[in-house]
Amino acid sequence: MDTSGAYGGGKAGGAFDPQAFVQRPHVIVRAVCWLFSVIVMGCISAKGWRTGEDGKDHCAYNDDTNACNYGVGISVIAFVASIGFIAGEYLFEQMSSVKTRKHYVLADMGFSAFWAFLYFVGFCYLSNAWGKTDNPPLGTANNMQGAIAFCFFSIFAWVACAFFAFQRFRVGADAAFAPAYEVEGGVGSPGAFAYAGGPDTSDPQPVYSEPPFSHKQNTGNIEYTAPTY
């Protein structure tokens, strides 16, 4: 099946251009998601935990262990998923099946929208926990506030990924449900002018200079010769 242009991708088997690949909006936004996940994960892992007098680790977000675990958890999964989707962008042009491209685009759109929602929840959760922290550990404020800020930025980054995936899905859906005459009756194809309301000249009828089987009438006298027996 020809996948040229299917779901916004090029024809399968084409040459790989590294410069064009890194300049794709999908790849750029995925790289931004990957970077933001590293920052959130690094900020919480570096300064988000402190050892209390009881010898146990306490989260800097109002001693709420779940807050630190939530921030790190969604960032670790976002880190792995971003790498996976960047690899998927490389393989997208090599997918020879339209159904495979459709499944990839749907997975991209669904996961990106869901992870944007989880980062929104994380932003609200961490902001609320940090606002209730009375005496944050010394030297942790910048990291904790930085994690909250990049959770907020990650919302828009993942929404952008979902938006690009939705655009791809619309391109594929429009091509799948396009009327046959729009695909086969394009400019330069036989019968295209007929669909537009004009005469169909794809199979012209032959024109005769004289009607077939016609003969001239002889208006003169015809001599009759009697047969000889």
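Helices H3 and H4 turn out to be roughly antiparallel to each other. That label follows from the angle between them, because anything over 145 degrees counts as roughly antiparallel, and the axes of H3 and H4 cross at roughly 155°. It's worth keeping in mind that this is a predicted model.

Angle is just one part of the picture. Two packed helices are described by the angle between their axes and the distance between the axes. For this pair, the axes of H3, covering residues 65-92, and H4, covering residues 98-131, come within 10 Å. As for handedness, H3 passes H4 in a left-handed crossing. Sorted by class, the contact of H3 with H4 has 19 nonpolar residues, along with 4 polar and 3 charged ones.

Then there's the matter of empty space inside the model. The structure holds 1 cavity of 30 Å³ or more, and the largest cavity has a volume of about 30 Å³. Lining the largest cavity are His26, Arg30, Glu89, Asp108, Cys161, Phe164 and Ala165. Helix H2 (25-47) and helix H5 (141-176) are the elements that each give two or more residues to this lining. H5 supplies the largest share, with 3 residues.

What sort of residues, by class, make up the lining of the largest cavity? Here the lining has 3 nonpolar and 3 charged residues, plus 1 polar one. Arg30, Glu89 and Asp108 are part of that lining, and Arg, Glu and Asp count as charged. Cys161, Phe164 and Ala165 line the cavity too, and Cys, Phe and Ala count as nonpolar.

Conventions. Residues are numbered from 1 along each chain as its sequence is written. This is a predicted model: local features need pLDDT of at least 70, side-chain atom pairs count only at pLDDT 80 or more; totals for chains, interfaces and linings use all residues. Side-chain values use heavy atoms; hydrogens and water are left out. On a 1 Å grid over the protein atoms alone, a cavity is a set of points where a 1.4 Å probe fits but cannot get out, and a pocket is an open set with protein on both sides within 12 Å along at least five of seven lines; lining residues have an atom within 4 Å of a point. Grid points are joined across faces, edges and corners, and a volume is the space filled by probe spheres set on the points. Helices (H or I, at least four residues) and strands (E, at least two) are DSSP runs, numbered from the N terminus. Axes are lines fitted to C-alpha atoms, for helices over the stretch in contact, and angles run from 0 to 180 degrees between N-to-C directions. Angles under 35 degrees count as roughly parallel, over 145 as roughly antiparallel, 65 to 115 as roughly perpendicular and the rest as oblique. A crossing is left-handed if the near helix is turned anticlockwise from the far one by less than a right angle, and right-handed if clockwise.
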